[in-house]
Amino acid sequence: MQNEMMHRPVVKPELVDYLRHEQKQLPGKLGEIERQAYEDGVPIIPHETVVFLQFLLRHLNPTNILEIGTAIGFSSSLMAQTITDNGHVTTIDRYDQMIQAAKITYQKLGLEDKITLLEGQAADILPTLTDPYDFIFMDSAKSKYLEFLPDCMRLLKQDGILMVDDIFQGGTILDPVEEIPRKNRGIHRKLNQFLEVINHHPDLTTTLIPLGDGIALISKNKETIEI
């Protein structure tokens with residue numbers, strides 16, 4: 001469950017420390033889950049991304065959210081607690097260990113009615129979904145981001161936002177592929193292809209933010225687009 005990129009911030013370490021410790025901490029049980037996950041090295045979104053996501057959702061006020069990559073259910077719980085009472089989160093994960101952990105998280109927080117957990121491969125589940133979503137959060141296998149992008153754009157409302165996490169690979173995303181450890185070269189190539197598409201597609205508006213391991217915010221400029 002360890003993620004080596006979690007410990008390679010893309011901005012100055014002292015600024016990362018400031019963002020993680022001086023911004024308002026989460027209260028209650030969700031805050032306890034966050035702190036325990038950090039202590040155990042569980043790969044959840046870092047606190048600077050937590051604060052940003054809360055701020056963004058409170059201003060967007062989405063009612064229908066899709067998440068790709070549930071992990072222990074922390075980010076889906078954060079989103080479910082942040083949105084209005086009539087909002088709902090649908091999340092997808094394939095790993096049984098994560099699925100069981102997420103169910104415990106939802107039960108502990110009393111969020112079972114606000115979150116639907118779909119179990120299985122995102123590549124199989126995404127094509128079956130038809131609901132339009134106001135907000136999509138993708139934090140899954142980095143090598144699959146480009147593969148999942150067409151379905152994300154199909155499912156996203158025209159005024160909605162796709163938020164994609166961990167796009168900079170610990171700051172190594174621009175390094176020559178020959179300098180990347182062989183085990184990470186596939187991810188490196190796929191992420192660079194993904195960034196090329198979202199940065200230059202004529203029907204997408206994209207901004208990249210150096211929070212955590214990098215965030216992309218993407219919206220589409222018309223209802224139907226081709227990726």
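# A seven-strand sheet, its helices and a pocket

At 8% relative accessibility, Gln-169 counts as buried, because buried means a relative accessible area under 20%. This residue belongs to a predicted model, in which Gln-169 is placed in the loop between β5 and α8. The points below begin with the sheet of 7 strands, continue with the helix α8 that lies across β5, β6 and β7, and then turn to some single residues and to the second largest pocket.

**The sheet as a whole**

- Strands of a sheet pair through backbone hydrogen bonds, and the pairing can be either parallel or antiparallel.
- In this model, 7 strands form an open sheet whose order is β3-β2-β1-β4-β5-β7-β6, and the pairing in the sheet is mixed.
- The strands β3 (115-119) and β6 (204-209) stand at the edges with a single partner strand each, so one side of each is left without a neighbour in the sheet.
- From one strand to the next, the twist of the sheet averages 15 degrees.

**Strands β1 and β2**

- Strand β1 (residues 64-68) and strand β2 (residues 88-93) run parallel, and 5 bridges join them.
- Asn-64 has His-88 as its bridge partner in β2, while the bridge partner of Ile-68 in β2 is Ile-92.
- Of the 6 residues of β2, 5 are buried, so this strand is largely enclosed by the rest of the structure.

**Strands β5, β6 and β7**

- Strand β7 is joined to β5 by 4 bridges, with the two strands running antiparallel, and Leu-162 stands opposite Ile-218 in β7.
- Strand β7 also pairs with β6 in the antiparallel sense, here over 6 bridges, and in this pairing the bridge partner of Thr-205 is Ser-219 in β7.
- The hairpin of β6 and β7 has 5 residues between the strands, and in this hairpin Gly-212 takes a positive phi near 60 degrees.
- Because 5 of the 6 residues of β7 are buried, this strand is largely enclosed by the rest of the structure.

**Helix α8 and its surroundings**

- Helix α8 (residues 185-200) lies across β5 (156-165), β6 and β7 (215-220), and the helix runs at about 125 degrees to β6.
- The axes of α8 and helix α7 (residues 145-155) come within 9 Å, and they cross at roughly 35 degrees.
- On the α7 side this contact is made by Tyr-145, Leu-146 and Leu-149, and on the α8 side by Leu-191, Gln-193, Phe-194, Val-197 and Ile-198.
- The residues of the contact of α7 with α8 divide into 7 nonpolar and 1 polar, with no charged residue among them.
- Leu-195 also lies in helix α8, and Leu-195 counts as buried, since its relative accessibility is 8%.
- When residues up to four places away in sequence are not counted, Leu-195 touches Ile-167, Ile-173 and Leu-208.
- One of these residues, Ile-173, is 22 residues from Leu-195 in sequence, and the two are 9.8 Å apart in space, C-alpha to C-alpha.

**Residues with positive phi, and an exposed phenylalanine**

- Gln-169 has a phi near 50 degrees, which is a positive value in a residue other than glycine.
- Asn-61, in the loop between α3 and β1, likewise is a residue other than glycine with a positive phi, near 50 degrees.
- Asn-61 has a relative accessible area of 40% and is therefore partly exposed, whereas Gln-169 counts as buried.
- Phe-55 lies in helix α3 (residues 47-60), and because its relative accessibility is 53%, Phe-55 counts as exposed.
- Phe-55 and Thr-82 are 27 residues apart in sequence, while their C-alpha atoms are 9.0 Å apart in space.

**The second largest pocket**

- Rolling a probe the size of a water molecule over the atoms shows where empty space is left.
- The second largest pocket has a volume of about 250 Å³, and 15 residues line this pocket, with Ile-33, Gln-36, Ile-72, Thr-105 and Lys-108 lying nearest its centre.
- The elements that give two or more residues to this lining are α2 (28-40) and α5 (96-109).
- Sorted by character, the residues of the lining divide into 8 nonpolar, 3 polar and 4 charged.

Conventions. Residues numbered from 1 in each chain as written. Predicted model: local features only at pLDDT ≥ 70, side-chain atom pairs only at ≥ 80, totals over all residues. Heavy atoms only, no water. 1 Å grid on protein atoms, 1.4 Å probe; cavity = no way out; pocket = protein on both sides within 12 Å on 5 of 7 lines; lining within 4 Å. Points joined across faces, edges and corners; volume = space filled by probe spheres on them. Nonpolar A, V, L, I, M, F, W, Y, C, P; charged D, E, K, R; others polar. Buried < 20%, exposed > 50% of the residue type's maximum accessible area, 1.4 Å probe, protein only. Pairing = 2+ DSSP bridges. Axes fitted to C-alpha atoms, helices over the stretch in contact; angles between N-to-C directions. Contact = heavy atoms within 4.5 Å.
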